Amino acid sequence: MAAAPRFRFIDFAVRWSFTFALLVAIYNPTGYSYVDWLMVEESEYVPVKAFIGLSLILALWFVFAMALRSMKGRGMLLGALFFGSAAWALDSQGLLPRSLSFLFVLGQAGLAAWLAAGMSVVLLRQQVSGHVTAVDEVN
């Protein structure tokens, strides 16, 4: 039987980068996002806008499904509470700036970290417990 894959920080970083890029592509306060492009009334690009929108929805659904599958509802709730309380603690100490744009992107970074942790928790659980998930090998 093959050994369980080892969890490395780069695994989390790749998942976080993908998730953050996906969230920022959907909406960000700079004005260069799918939502901003969607609001521009150009009848020429409607099919392209629909295709890209569906692609973004599918990618976001995949990320949420994988995170929910590995962490379950309780883990997702605990992650939301963790990042929410961290933001509350930072705000209560005056460590968060009052710029709404910055806070929005910081929230996206936190959401990306939460979802990346959800997608990474299976590898981490296998490494810590030594439990190996059965995988069909193709010869």
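Helices are taken here as DSSP runs of H or I with at least four residues, numbered from the N terminus. The structure described is a predicted model.

On this assignment, helix H3 covers residues 46–92, and helix H4 covers residues 100–129. For H4, a rise of 1.5 Å a residue gives an expected span of 44 Å for its 30 residues; the C-alpha atoms at its two ends are 42 Å apart, in agreement with that value. The axis of H4 nevertheless has a kink of about 45°, centred on Ser120. After H4 comes Gly130, with a positive phi near 80°.

The largest nonpolar core consists of 11 residues: Leu22, Tyr34, Leu56, Ala59, Val63, Ala67, Met71, Met76, Trp114, Leu115 and Met119. At least two residues of this core come from each of H3 and H4. The greatest contribution is that of H3, which supplies 6 residues.

Nonpolar side chains also occur at the surface. Tyr45, Val48, Phe51 and Ile52 form a nonpolar surface patch of about 360 Å². Of these, Phe51 is located in H3. The relative accessible area of Phe51 is 58%, so this residue is classed as exposed, the cut-off being over 50%.

A backbone feature of H3 concerns Lys72, which lies in that helix. Most residues other than glycine have a negative phi. Lys72, although not a glycine, has a positive phi of about 65°. Lys72 is also exposed, because its relative accessible area of 52% is over the 50% cut-off.

The structure contains 2 salt bridges. One of them joins Asp11 to Arg8, with the closest N and O atoms 3.3 Å apart. Asp11 has a relative accessible area of 13% and is therefore buried, the limit for that class being under 20%. A salt bridge is also formed between Arg98 and Asp91, where the closest N and O atoms are 2.8 Å apart. The two partners of this pair fall into separate accessibility classes: Arg98 is exposed, with a relative accessible area of 62%, whereas Asp91, at 30%, is partly exposed. The value for Asp91 lies between the 20% and 50% limits, which means that neither the buried nor the exposed class applies.

Note on methods: Residues are numbered from 1 along each chain as its sequence is written. This is a predicted model: local features need pLDDT of at least 70, side-chain atom pairs count only at pLDDT 80 or more; totals for chains, interfaces and linings use all residues. Side-chain values use heavy atoms; hydrogens and water are left out. The expected span of a helix is 1.5 Å times one less than its number of residues. The bend at a residue is the angle between axes fitted to the seven residues ending there and the seven starting there. Patches are made of residues with over 30% relative accessible area and no salt bridge: like charges are joined within 9 Å, nonpolar side chains (Val, Leu, Ile, Met, Phe, Trp, Tyr) within 5 Å. Accessible areas come from the Shrake-Rupley method with a 1.4 Å probe; for residues, only the protein chains shown count as cover. A salt bridge is a side-chain nitrogen of Lys or Arg within 4 Å of a carboxyl oxygen of Asp or Glu. Buried means under 20% relative accessible area, exposed over 50%, partly exposed in between (1.4 Å probe, protein chains only). A nonpolar core is a set of buried Ala, Val, Leu, Ile, Met, Phe, Trp, Tyr and Cys residues joined through side-chain atoms within 4.5 Å.
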